[in-house]
Amino acid sequence: MAIKHGSKIDSSFGASSMTDMMFLMLLFLMVATTLINPNALKLLLPKSANQIKDKPYTTVSITSDLQYYVETDMVPFGQLEVVLQKKLENVKEPTVSLHCDRTVPVDEVVKVMNIAKNNKYKLILATSPK
């Protein structure tokens, strides 16, 4: 009489749970990548063929409805210079990137340029590539 072993090892692999995990991971990464750049304002920048690769220390944004932002914080224009001075007081080469919508009047851009000139900040006008 032959003795039978009651436990046999199943060598097959079930991939259905692995595909569920991959789907959930893909879904998580798709949602997470939309949240990667929370410091951005939606602006239509003017187009230019010349792009400068300098790294600004901070950004000033002007929206189409003439709202001023230092990074993501809304600042009234009267306080803009004071906020920039506080932010850039101990920086060796203070560089400000100016992001303004295409519809912003030139007068508003020049106001920010004058603040940068008076405080000896390097100013970069942000554009989108052509």
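Let's start with one residue pair: Y68 stands opposite V75 in β4. Keep in mind that this is a predicted model.

Y68 lies within β3, which runs 68-70. β3 and β4 pair in the antiparallel sense, over three bridges. β4 covers residues 73-75.

Now the whole sheet. How many strands does the open sheet have, and in what order? Five, ordered β4-β3-β2-β5-β6, and the pairing is mixed. β4 and β6 are the edge strands, each pairing on one side only. β6 is residues 122-125. On average, neighbouring strands are turned by 30 degrees against each other, direction ignored.

Next, what packs on this sheet. Helix α2, residues 77-87, does. α2 touches β2, β3 and β4. The direction of α2 makes about 10 degrees with that of β3.

On to helix α3, residues 106-118. A quick geometry check first. There are 13 residues, at 1.5 Å a residue, so α3 should span 18 Å. The end C-alpha atoms are 18 Å apart, which agrees.

Which residues of α3 are buried? E108, V109, V112, I115 and A116. Note the glutamate, E108, in that list. The buried residues cover an arc of only 115 degrees around the axis, so they sit on the same side of α3. V106, D107, K117 and N118 are exposed, on the other side of the helix.

What covers the buried residues of α3? The cover includes strands β2, β3, β5 and β6, plus helix α2. β5 is residues 95-100. Recall that α2 also packs on the sheet, touching β2 and β3 among others.

Last topic: backbone angles. Three residues to look at, please.

K120 comes just after α3 and takes a positive phi of about 60 degrees.

L66 is not a glycine, yet its phi is positive, about 60 degrees. Where is L66? In the loop between β2, residues 58-62, and β3. L66 has a relative accessible area of 35%, so it counts as partly exposed.

E71 is also no glycine, and its phi is positive, near 60 degrees. E71 is in the loop between β3 and β4. The relative accessible area of E71 is 29%, so E71 is partly exposed too.

To recap. The open sheet has five strands, with β4 and β6 at the edges. Helix α2 packs on the sheet. Helix α3 has its buried residues on the same side, and what covers them includes α2 and β5. Positive phi values appear at L66, E71 and K120.

Methods:
Residues are numbered from 1 along each chain as its sequence is written. This is a predicted model: local features need pLDDT of at least 70, side-chain atom pairs count only at pLDDT 80 or more; totals for chains, interfaces and linings use all residues. Side-chain values use heavy atoms; hydrogens and water are left out. Helices (H or I, at least four residues) and strands (E, at least two) are DSSP runs, numbered from the N terminus. Buried means under 20% relative accessible area, exposed over 50%, partly exposed in between (1.4 Å probe, protein chains only). Two strands pair if DSSP finds at least two bridges between them. Axes are lines fitted to C-alpha atoms, for helices over the stretch in contact, and angles run from 0 to 180 degrees between N-to-C directions. Contact means heavy atoms within 4.5 Å. The expected span of a helix is 1.5 Å times one less than its number of residues. The arc is that of the directions from the helix axis to the C-beta atoms.
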